[in-house]
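Colleague: I should be grateful for a close look at a single part of this model, set against the background of the whole. Please give the numerical evidence with each statement.

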Amino acid sequence: MIKQRPTSYYFYFRTRKRAMVTCTVPLETPPTPNSPNDHNSLRLSLADDLLRRGRVSLAQQVIQRIIAHSPTVPDAISAVDFAAGRGMELGVGIYGVFIRRLIELGQSKLAYAVYCDNVIAKGIDPDSSIINSMVICLVKLGKLEDASILFDKLIGSGFVPCHAACMAVIREFCVQEMLLDAFDCLVSISKAKIQLGMRYYNFLIDGLSYKGHVREAMKVLDIMHERTGLLPTLHNYKSLFYGLCKKGWVVEAESIGGEMEERGFFLDKIMYTSLMNAYLKDKKIKMAVMVFLRMLKMGCEPDTFTYTALIQGIVKMGYFNKGWILYSQMNESRMLPDAVTYHILISNYCKEGKIICATTLLNNMACCNLIPSVHSYTALMSALYKDNRLTEVDELYKSMLNHGVIPDHVLFLILMKNSKRGNELQLSLLMLQDILKHGCGLNPTLLSGSTNIDPMINLEQEIEFLLEKIIGSNLNLANVAFGIYITALCERGNLDAALSCLRKMIDVGCSPLPFTFNSLVKCICQDGCLESFEPLVDIMQEWSIVPDLATYLIMINEYCKNKDLTSAFHVLDQMEERGLKPSVSIYNSILSCLSRKKRMSEAETLFQRMLEAGVDLDATVYMTMINGYFKNGQALEAHQLFEKMIKHDIQPCSYTYTVLISGLVKSNMAGKGCKYLDRMLGDGFVPNVVLHTSLIYHFLRKGEFDFAFRLVDLMDRSQIEPDVVFYIALVSGVSRYIDGVKKRCKINRKSDREREMLLHLLFQRKFLPRETILRFSFDSSEHIKCFVLKLMHRIKETKFMPNLSLYNSIISGLCWANRIEDAYNQFELMQKEGICPNEVTFTILIEAHSRAGQINQAIELFNLMNADGYKLDKVAYNTLLRGLCKAGKELHALSLVFAMRKRGFFPNKASYETLLRCFCACYLSIPAFNIVEEMFAHNYVPRRYSANWLLCILCKEKKLNEAHKLLDMMHKRETWFNLPHYTFLKLIFVVKDAFGFLEDADMQKRSDLHTKRTGHTEFVDKTSEAAKAITLEVPKPPMDVEEPADVSTTNQPEEMVAPEVDQKLLEELEGMGFPKARATWALRYSGYFTSSLKLLLNYPSTNISHLLYVANKLHAQPLV
């Protein structure tokens, strides 16, 4: 055993043993080593000695060493006090060591106070040591922003941060997930030789890749390799690979995968699945399938998630048949699909209207011991509602509850949209009871306060009671319950109660869902209460909820519904300023509104903006643009855009083909429509009810009933099930010609051949007889009325009744047939069957009463709508406005216009025209002129007839200033009058006005001359008598009087010679209605008037607005 070597302390005391003595005096205690306090005292005395000798710098160094090695905070403070008491200057060095030591001892607050009170307050410029210490101090105090500022200041001054400061800042950035700031900090110290731990590199690579900052993550990978010389690990490769796939950078992801394989790593099935998803998002199906095949070739077995991801991407692109093949392969390989796979297939079947297939899949899930999700039930219920199978909806809802599936807010929204209006609170109460029973395990019927629904019970109190029970049981379900209740309140327009419920939700500790905020945003947009946005945004910020794409989509949809494109574009600009990339749905909503307002040039600009922004266009946005082109009469542009869509590898769906074919047929291009119909059949699409309905309605509107009902027979032969829209189109199309078919288009042989080809293609190339099953006659209005009534009776027997839209169509047809009483019978019947009338129903009845001249009944209906809480829309206002004008109640119409303005509405062009003609007929020139100004302000141009009429009235009433303004407005819009109106304006309204003024002035002048010469104040105008004396033809003698031989000697009056005047001017004045003699006298004796009249008649007609200016000057010109 090796003995331990004696220490120097042992040898030192071994040579100094004392002699042993024996006495009664107690022995002295052996000496002990000096304590730290003694050692500190020695150092302080050394510093004091150095100060006395004038060695101040050495004394400061000693003090710094004392502070740096102080075991406690009081020791460090005493050292500083000692230096200050000896008059020593406390410079940057002492303060730097003192602050650093306080931080090391855990006194960050005290260190920060010393820095503020003794360094900054005294104007001491801190050095790099103090700044490094303060960076660490601020990080520990949680003041990361201030620490970052000091850190940037340190780097900007050219100093290198210490290792501890760098680690503290980067670590805190990573903890708070401020990864980009951490990356900037790493790059800023890249030149310094500071070694970071591998965990920081790994954390940055993982976090940046997950957040989508893959470019920065790759930079961190390069810095790590440069600093440490280590190659990326498998974990680094995977993190970066997933981030690249999520970003959609498939080329870079493939490069990383190749680099992994070179180093001996291999891609697993999760990585292959991520790469397939990236290709599918980029709509590159072939590449995704190649990745799938490569995965199989490499021996990597795909799992359920891989198949599900591939099926979802393929089905989303419209290739449902290929997705079904993959589903069959899953079953053949004994790989059971999961609930997500079934949901994808069920949702697609529901979109295609194949409810039986979707129901079969839903039932198959039970055989596989899979519980369908609430989303699958929601999709199927929505499809059942569209097919008007209400009984099956109730059965499916009960089945969902029996399987233990709890309803959510999305399902509530679907049920609420398809239920009777006004029952939102009752429906929310029922759904909260189901959540309490099946989610919380509590029976609502056994709880006090939760009884059956009674109309006398306050529903809101009942719902709040259920909410308290759900809160006490499960907060997650409480989030859903609050979202349902707030949505119901928003649907009823009770914004204040909804906001109050949101505050209560937050107070009890629930986390509001984005769906809840979106419901509130929609309610705010509908009510126009923009001042409520600020408190809502504050609440969202408190919960760190940023408005997402769904929120912005709701706002833009509401603005576009109200045709407020200015606000919609403002929201779009806000999204881009905040760095959000608008989705294709947001762009599509604005494009649809632009096309409806016939602003296709702006729609094309926005479409180009989408392409430049890199938005992934789909078939829906192309369909919107194509439909807009057709509505604006640009069939050629629509055809070209469809071909561009094909070139961009976007597979058209059946609805895209439907829009294109129906648009071409409506544009009298049935030949091209047949070509695309043949192409549609070649792509595997079958003509659906939408295409047939569109074509039938088109030919009904043209009055071609024979061909339209041949298409109806074709639907029946092809076993195409009619839908609600089909019956609505049929009734409205035929009802247009209740009074008889006024126009019948002549069909040439080419058009006849094209239509026969269209029929054969629609019947899928099978033989089609020319005879029609439905035989009827449209030779008279009575036959049409009889057919319409039979059609309505047939519709009432269909499975779609009761249906609000169908009832509105039936009521409209009865009103057009002048059977208002029967229309009211249907109105009462629909309410008995539980269908509540809407604004459209009342508007149809208002229009019927207005058309029948019963304006008082129309006003009563309008007031009833307002009293019952219906939202009076623009259509209702315009309908009543036209009725008031037709009834001659122009003052009531004007007051209604003011009421519209208060609601934020303005009349449409047709209503403006009706108002203008009504005011002109009543000679209300100023209100009519104001209407014209409003029309121009809203980009409406009045008709020439109405504008000419108003101009005539203004000139006749000598309101030349308003007439001048009217002409200026018309000329700015390049709207010119016809030539006959020019002559009419120049002569009647200019010359006549000037003529009357000159006549009055001339009479006044002759009266003054008469008074001056005779002294008589009375003056009788003999102009009319003199005018009678002027005869332009020689009077003939009576037939019974013999003509005298010598005319010169008889008493017969001499022949008077007609004055020589300008015959052209004379004819113009006679055309104005002036007597010929009076016009001759005016032209003969008023030289100024004659010259002015010639000037006006020869004035260029291209500047007629200045013509009225000249007339106004002529009226004010004094007579010389």
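**One helix and its setting**

Modeller: The protein contains 58 helices and 0 strands. The model is a predicted one, and every value below was computed from its atoms. Of the 1120 residues in the protein, 43% are buried. The protein exposes about 61000 Å², and 53% of that area is supplied by carbon and sulfur atoms. As for contacts between residues at least 6 apart in sequence, 63% join residues at least 24 apart.

The part chosen for the close look is helix α39, which runs over residues 705-717. From its first C-alpha to its last, α39 reaches 18 Å across its 13 residues, close to the 18 Å expected at 1.5 Å a residue. The helix is mostly covered, with 10 of its 13 residues buried. The buried set includes the phenylalanines F705, F707 and F709, together with A708, L711, V712, L714 and M715. R710 and D713 are also buried in α39. Just after the helix, Q719 adopts a positive phi of about 60°.

Further along the chain lies helix α40, residues 724-735, which holds G733. G733 is classed as buried because its relative accessibility is 0%, under the cut-off of 20%. Leaving out residues up to four places away in sequence, G733 touches Y697 and L700. Y697 is 36 residues from G733 along the chain, yet the C-alpha atoms of the two are separated by 5.9 Å.

The nonpolar cores supply the wider setting. The largest of them has 168 residues, and those that touch the most other members are I63, I67, I99, M381, M400, L415 and I470. Helix α26 (residues 475-491) gives the most to this core, namely 11 residues. Another core, of 139 residues, lies apart from it; C525, L617, L700 and F763 are among its members. L700 thus appears twice in this account, as a member of that second core and as a contact of G733.

Within the largest core, I470 may be followed further. Beyond its neighbours within four places in sequence, I470 is in contact with L432, I435, L436, C440, L477, A478 and A481. One of these partners, C440, counts as buried because its relative accessibility is 15%, under the 20% limit.

The cysteines call for a separate remark, since the structure holds 0 disulfides. Why does C920 form no such bond? The closest cysteine sulfur, in C918, is 9.3 Å from the sulfur of C920, which is too far for a bond because a disulfide requires the two sulfur atoms to lie within 2.5 Å. C920 is itself buried, with a relative accessible area of 1%.

A polar residue completes the comparison. E934 is placed in helix α50, residues 925-937. Is E934 buried or exposed? E934 counts as buried, because 14% relative accessibility falls under the 20% cut-off. Setting aside its neighbours within four places in sequence, E934 is in contact with R901 and Y912. With Y912 there is a polar contact between the two side chains, at 2.8 Å.

To return to the helix requested, α39 has a span close to the expected value, and its buried residues include the charged pair of names R710 and D713 beside its nonpolar members.

Conventions
Residues are numbered from 1 along each chain as its sequence is written. This is a predicted model: local features need pLDDT of at least 70, side-chain atom pairs count only at pLDDT 80 or more; totals for chains, interfaces and linings use all residues. Side-chain values use heavy atoms; hydrogens and water are left out. Helices (H or I, at least four residues) and strands (E, at least two) are DSSP runs, numbered from the N terminus. The expected span of a helix is 1.5 Å times one less than its number of residues. Buried means under 20% relative accessible area, exposed over 50%, partly exposed in between (1.4 Å probe, protein chains only). A polar contact is a pair of N or O atoms within 3.5 Å; within protein, one must be able to donate a hydrogen and the other to accept it, and residues adjacent in sequence count only if both atoms are side-chain atoms. Contact means heavy atoms within 4.5 Å. Accessible areas come from the Shrake-Rupley method with a 1.4 Å probe; for residues, only the protein chains shown count as cover. A nonpolar core is a set of buried Ala, Val, Leu, Ile, Met, Phe, Trp, Tyr and Cys residues joined through side-chain atoms within 4.5 Å.
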